[in-house]
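Here is a short tour in questions and answers. Look over the sequence and the model, then read on.

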Amino acid sequence: MNKKEKKFTGKHVLIWLGCFFGVMFFANGMFVYFARSTWPGVVEQSPYQASQNYNKTLAEAEAQNERSWHMEVELKRSQSGVYLELLAKDKLNNPLNDLSITANVGRPTTETQDQELSLEAAGDGLYRAKVAALNPGNWRIKIEASQKGEVMFQTLETITLK
């Protein structure tokens, strides 16, 4: 059998290179699009103002450490939904019942699913709030506990919900 032999010419090389770089540009473009659209990049609304309050922030952290409060934070799934529970105790392991506690629950990588919660006291240092439907995975929880209008405790936790 006599087959016509196909030659690999410069035109073929140009087409292959064009396709290769076209795929690379498309993939990189998608990576850039998703990176820019899912994370705003803003950590602090006013970095200058935060730097001016740095010494105050350090003093507040020192005061929080001296109080030695400990808080156990947990996300619990039940038949009626997902609940954020917090158990607050002082350094002598006595329950803290007179706190006003707020929480921000969201994903570690985006702010689009953030939820602001106000926890209600359930007795014996237990505070609870119902959370809107949460999918399984990692959740970032910022807790702020106030007593008589003054912020006494702040923490940032990452919890895995199954």
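**Pockets, strands and salt bridges**

Q: How much space lies in the second largest pocket?
A: This is a predicted model, where local features need pLDDT of at least 70, side-chain atom pairs count only at pLDDT 80 or more, and totals for chains, interfaces and linings use all residues. Residues are numbered from 1 along each chain as its sequence is written, and side-chain values use heavy atoms, leaving out hydrogens and water. A pocket is an open set of points on a 1 Å grid over the protein atoms alone, where a 1.4 Å probe fits, with protein on both sides within 12 Å along at least five of seven lines. A volume is the space filled by probe spheres set on the points, and for the second largest pocket that space is about 290 Å³.

Q: Which residues lie closest to the centre of the second largest pocket?
A: Lining residues have an atom within 4 Å of a point. The second largest pocket has 13 of them, and the closest to its centre are Val42, Val43, Glu44, Glu111 and Lys142.

Q: How many residues of the lining of the second largest pocket are charged?
A: Asp, Glu, Lys and Arg count as charged; Ala, Val, Leu, Ile, Met, Phe, Trp, Tyr, Cys and Pro as nonpolar; and the others, Gly among them, as polar. The lining has four nonpolar and three polar residues, and the charged ones number six.

Q: Which residues are closest to the centre of the largest pocket?
A: The largest pocket holds about 430 Å³ of space. Its lining has 15 residues, and the closest to the centre are Thr57, Glu60, Ala61, Val151 and Gln154.

Q: What gives the most to the lining of the largest pocket?
A: Helices (H or I, at least four residues) and strands (E, at least two) are DSSP runs, numbered from the N terminus. Helix α3 (54-67) and strand β7 (150-161) each supply at least two lining residues. The most, seven residues, comes from α3.

Q: What span does α3 reach from its first C-alpha to its last?
A: The expected span of a helix is 1.5 Å times one less than its number of residues. With 14 residues, α3 is expected to span 20 Å, and its reach is close to that, at 20 Å.

Q: Which residue follows α3 with a positive phi?
A: The residue lies in the loop between α3 and β1 (70-78). Its phi is about 55 degrees although it is not a glycine. The residue is Ser68.

Q: How many bridges join β6 to β7?
A: Two strands pair if DSSP finds at least two bridges between them. Strand β6 (137-147) runs antiparallel to β7, and Gly137 stands opposite Leu161 in β7. The bridges joining β6 to β7 number 11.

Q: Which residue in the hairpin of β6 and β7 takes a positive phi?
A: The hairpin has two residues between the strands. The residue in question is not a glycine, yet its phi is about 55 degrees. At 81% relative accessibility, the residue counts as exposed, where exposed means over 50%, buried under 20% and partly exposed in between (1.4 Å probe, protein chains only). The residue is Lys148.

Q: How far apart are the closest N and O atoms of Lys56 and Glu60?
A: A salt bridge is a side-chain nitrogen of Lys or Arg within 4 Å of a carboxyl oxygen of Asp or Glu. Lys56 and Glu60 are four residues apart in α3, so about one helical turn separates them. Lys56 is exposed at 54%, while Glu60 is partly exposed at 41%. Their closest N and O atoms are 3.7 Å apart.

Q: Which residue forms a salt bridge with Asp114?
A: Asp114 lies in the loop between β3 (100-106) and β4 (115-123), and its partner in β6, so the pair ties together parts 26 residues apart in sequence. Asp114 is partly exposed at 29%. The partner, at 2.9 Å between the closest N and O atoms, is Arg140.

Q: Is Glu85 buried or exposed?
A: Glu85 lies in strand β2 (81-89). Its salt bridge with Lys76 has its closest N and O atoms 3.2 Å apart, and Lys76, Glu85 and Arg128 are linked in a network of salt bridges. With a relative accessible area of 11%, Glu85 is buried.
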